[in-house]
Amino acid sequence: MEWDREPIVALNARLRVRSANFDEISLIGTTLEVDSEPMDDVDSTNGEDLDSTATSLASAATHYRYEHGRRYHAYKDGKYHLPNDEQEISRLELQHRIWYLTLNGRSHLAPIPESITNALDVGCGTGSWAIDFATMYPSAEVIGTDLSGPIQPTNVPPNCTFLIDDATADWAFPKKFDFIHVRMISIGIKDWPRFFNECFKSLKPGGWVEMQEWSAPFGCDDGSAPLDTPFMRWGSDGKGAAAKAGLDVQAAKKFPIYLEQSGFVDVQETKTKWPLGPWPRGKREKKIGELFLKDMLEALRAASIGLYTRVLGWTEEAVDEWLEEVKKDMLDPKRHTYMPM
Ligand SMILES: C[S@@+](CC[C@H](N)C(=O)[O-])C[C@H]1O[C@@H](n2cnc3c(N)ncnc32)[C@H](O)[C@@H]1O
C-alpha cells in the first residue's frame, strides 16, 4: 500500500545549536472520527511496502531465560519484562511497519543532513530501523544497541553494527553521534533524566535526539470504552504493575521537560494517536488501527505475563484467564480506543 510521504510524529531535540528546519508536519490527527462502516476500507496487506536490505553481524548473550513459554534476554537478566523470541520479533516487525505508516514512509523527522557521519539507535530490538537507516545514509556509521542479542539479522549493511548494551548504564561510546534515535523503550528505562543526560553527553554539538514513544493510558473520546471495561482495566492495572517495578508508562509526557533539563534546545513535540482497530474513518487511520490491533493482541500476553507474575505475584493461570476476558473486550467493535503517541 502506498502512502504520501508526509512527515508525522515524534519528539526531537537538538543539542545547543538553534534553528530547526522541520518540514510541515501532517498527522492522521488527534481527533479520530468513528466510521459507521468500519470494515469497508480495510485492505488485506500488512503495509509491508518498505523492506530493508540486509548483510552482517551480531553476538553473544544467548543464555536466555525461558519462562511462561517465552524466551527473555540473557544480558542483565530480568531487566526488561518483554520476551525476545521469534513471536516477539514478528510483533516488533509489525510495529516497525506501523511506524512507517505513521510517519508516511519516513524513519525520522529530525532535520539531519545527508552527510551525517554516525547515528545510534538505543534499544534497537530487531535492528530493522538501524538497518533501514544505514541503507538510507550510507555515509553514516550506524550502531544499534540492545539488551537482547543476537536477535538482529546477521546480514546487515557494512555501515551497521549491533552491540549488546544496557542503556541504563554509563554510556561509553568512543565517538560522539550526530543523531540518536530511541523508539518504544518506555518499559526499559526507569531514570529518564539520567538517560537524557547520557544522550546529551553522547551527541556532537548540533546533533539531534529523536524519541518515538507511546504514553499510557489508552484513550477513548466518545465514552464507548468506560473505565470499568476489561481492556481499560487492564491498562490501569498494567500502569500500577509498571509503577511497582519503578517504570513510568507516562514518561513520554515529561520528555520535553527532561530534555530541556539536560540542556537540549529546539525541543519539539508532535502528537498523534494509534487507533486500536479499524474503527476510525480514513484509509490510513484504518490501516494503522488494523495493524495496531494485531500488534496489541500479540503484545497483550507478552507485556503482561512478566510484569503480572514477577511484580504483582499473579499465577500464570490467573493472568491467562484474565487476558482472555481482556482480549474479548479488545475485539469488541463498539469500543473506540486509541494509544496516544
Ligand atoms: C518494544 S522494543 C522496541 C525495539 C525497537 N526500538 C523498535 O522500535 O522496533 C523495546 C526494546 O528495548 C530494549 N531495551 C529495553 N530496556 C533496555 C535497556 N535498558 N538497554 C537497552 N535496550 C533495552 C528491549 O530489549 C527491546 O528490544
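**Talking through a predicted fold**

Me: Let's begin with β4 (residues 118-122): in which sense does it pair with β7, and over how many bridges?
Reply: This is a predicted model, and in it β4 lies alongside strand β7, residues 177-183. One of the contacts in register puts V122 opposite its bridge partner V182 in β7. The two strands pair in the parallel sense, and the bridge count is 4.

Me: Which strand is joined to β7 by 6 bridges?
Reply: Look at R183, which stands opposite Q212. Q212 belongs to a strand covering residues 203-212 that runs parallel to β7. That strand is β8.

Me: How many of the residues in β7 are buried?
Reply: β7 has β4 as a parallel partner, and β8 as another. Strand β7 is mostly covered, and the buried count out of its 7 residues is 7. For the protein chain, buried residues make up 55% of 341.

Me: What is the strand order in the open sheet of 3 strands, and which strands stand at its edges?
Reply: The pairing in this sheet is antiparallel, with the order β9-β12-β11. Two of the strands have a single partner strand each, so one side of each is left without a neighbour in the sheet. Those edge strands are β9 (219-220) and β11 (273-275).

Me: Which residue in β12 is the bridge partner of P275?
Reply: β11 and β12 (residues 337-340) run antiparallel, joined by 3 bridges. P275 is in β11, and its partner across in β12 is Y338.

Me: Which helix packs on that sheet, and what angle does its direction make with that of β11?
Reply: The helix touches both β11 and β12, and spans residues 283-310. That makes it α6, with an angle to β11 of about 70 degrees.

Me: How does the reach of α5 stand against the expected span?
Reply: Helix α5 covers residues 251-262, which is 12 residues. At 1.5 Å a residue the expected span is 16 Å, and the reach from first C-alpha to last is close to that. The value is 15 Å.

Me: Which residue just after α5 takes a positive phi?
Reply: Within the helix, buried residues include F255, Y258 and L259, and S262 is one of the buried ones too. Just past the helix, phi turns positive at about 110 degrees, and the residue is G263.

Me: Is Y80 buried, partly exposed or exposed?
Reply: Y80 sits in the loop between β3 (70-72) and α1 (86-102). Its contacts beyond four places in sequence include Y72, L147, I187 and R310. Buried would need under 20% relative accessible area, and Y80 has 23% relative accessibility, so it counts as partly exposed.

Me: How far apart in space are Y80 and L307?
Reply: In sequence they are 227 residues apart. C-alpha to C-alpha, the distance is 9.5 Å.

Me: Why is there no disulfide at C160?
Reply: C160 is buried, with a relative accessible area of 3%. The closest cysteine sulfur is in C124, and a disulfide needs the two sulfurs within 2.5 Å. Here the gap is too far for a bond, at 7.9 Å.

Me: Over which residues does pLDDT stay below 50?
Reply: The mean pLDDT of the protein chain is 86, and 84% of its residues reach 70 or more. Where pLDDT is low, the predicted coordinates should not be read in detail. The stretches to treat that way are residues 1-11 and residues 43-59.

Methods
Residues are numbered from 1 along each chain as its sequence is written. This is a predicted model: local features need pLDDT of at least 70, side-chain atom pairs count only at pLDDT 80 or more; totals for chains, interfaces and linings use all residues. Side-chain values use heavy atoms; hydrogens and water are left out. Buried means under 20% relative accessible area, exposed over 50%, partly exposed in between (1.4 Å probe, protein chains only). pLDDT is the predictor's confidence in each residue, from 0 to 100. Contact means heavy atoms within 4.5 Å. Two strands pair if DSSP finds at least two bridges between them. Axes are lines fitted to C-alpha atoms, for helices over the stretch in contact, and angles run from 0 to 180 degrees between N-to-C directions. The expected span of a helix is 1.5 Å times one less than its number of residues.
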